[in-house]
Amino acid sequence: MRIKPLLTALLGTTLLASSVQADDKVFGWVEKATVEPWGVEVKAKLDSGALTSSLDARDIEVFDKEGEEWVRFRLKLEDEVDGETFTERLERPLYRDLRVRGAGGRDERPVVLMEICLGDTLYEEQFGLRNREEMNYPLLLGRRTIGHLGLLDVGETFVSEPRCDDDSRLVEHVADEGDD
C-alpha cells in the first residue's frame, strides 16, 4: 500500500515541473542584489513570511515637501564586492505607512519606492525602511516582490548574480489592492 503515496508524490512533482515555464527565473532564499542606481551589492533574504520588502535605513525622518509627505533617510550598506561601506543620504516621496505587528508589539514604518537588480532585471518595489543593523541581511524581499521575480527555491542560495546595465529591463511597480 506504499504505492499510493509514491504515485501522489510523483504526480505532484510532474505537475510542478510542467507548470514551470522555460522563461521562469528561479531564485534561492538568499541572493545577491544591487541597490540602484549605485550598484551596491548586498545579500538579500527572500522571505515568503513577510508581505512587504524591507531595507536597512538609518536616521529616518518624515517631512513635508511642497505639500507632500517625503522621507529623508541614510543608507549604510556594506558592498559585498569590495567590503567598502556605502553611505548615502536620500529623500524619497512617502509611498505609504506600514503597520507591523509582531512579537515585539506594533511598529509603524515609512515605505518608499526603490529599484533593485536581481539577475538581469531591475525591479521597482516598495521598501519599508527600518534599522536592520542587527539583522543578517540588509535587504529583505517579501511576497509582494517575490511575486514579480519568478520562482523561489527555498533549498538554494545564490542562484543568480546581479548583472543589470543600461539596457536591462525594468519591472515598474504596480500598486496592489492592499496599498494605502
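Which residues lie nearest the centre of the second largest pocket? Before turning to that pocket, it helps to set out the model and its chain. This is a predicted model, in which local features need pLDDT of at least 70 and side-chain atom pairs count only at pLDDT 80 or more, while totals for chains, interfaces and linings use all residues. Residues are numbered from 1 along each chain as its sequence is written, and side-chain values use heavy atoms, with hydrogens and water left out.

The chain holds two helices and 12 strands, where helices (H or I, at least four residues) and strands (E, at least two) are DSSP runs numbered from the N terminus. Along the sequence these elements follow the pattern α-β-β-β-β-β-β-β-β-β-β-α-β-β. Of the 180 residues in the chain, 38% are buried, that is, under 20% relative accessible area with a 1.4 Å probe and protein chains only. Among contacts (heavy atoms within 4.5 Å) with a separation of 6 or more, 61% are between residues 24 or more positions apart.

One open sheet is formed by three strands in the order 4-5-6, with antiparallel pairing; two strands pair if DSSP finds at least two bridges between them. Strand 4 (58–65) and strand 6 (85–93) stand at the edges with a single partner strand each, so one side of each is left without a neighbour in the sheet. Strand 5 (residues 68–78) is joined to strand 6 by nine bridges, and Glu 78 stands opposite Thr 85 in strand 6.

Glu 78 also leads to the largest pocket, since together with Asp 56, Lys 76, Leu 77 and Pro 138 it lies nearest the centre, within a lining of 14 residues. A pocket here is an open set of points on a 1 Å grid over the protein atoms alone, where a 1.4 Å probe fits, with protein on both sides within 12 Å along at least five of seven lines, and lining residues have an atom within 4 Å of a point. The volume of the largest pocket is about 240 Å³, and strand 5 gives the largest share of its lining, three residues.

The second largest pocket holds about 200 Å³ of space. Its lining has 13 residues, and those nearest its centre are Ala 50, Ser 54, Val 100, Arg 109 and Arg 130. Two or more lining residues come from each of strand 3 (53–56), strand 7 (96–102) and strand 9 (121–130), with strand 7 giving the most, three residues.

Notes. Grid points are joined across faces, edges and corners, and a volume is the space filled by probe spheres set on the points. Buried means under 20% relative accessible area, exposed over 50%, partly exposed in between (1.4 Å probe, protein chains only).
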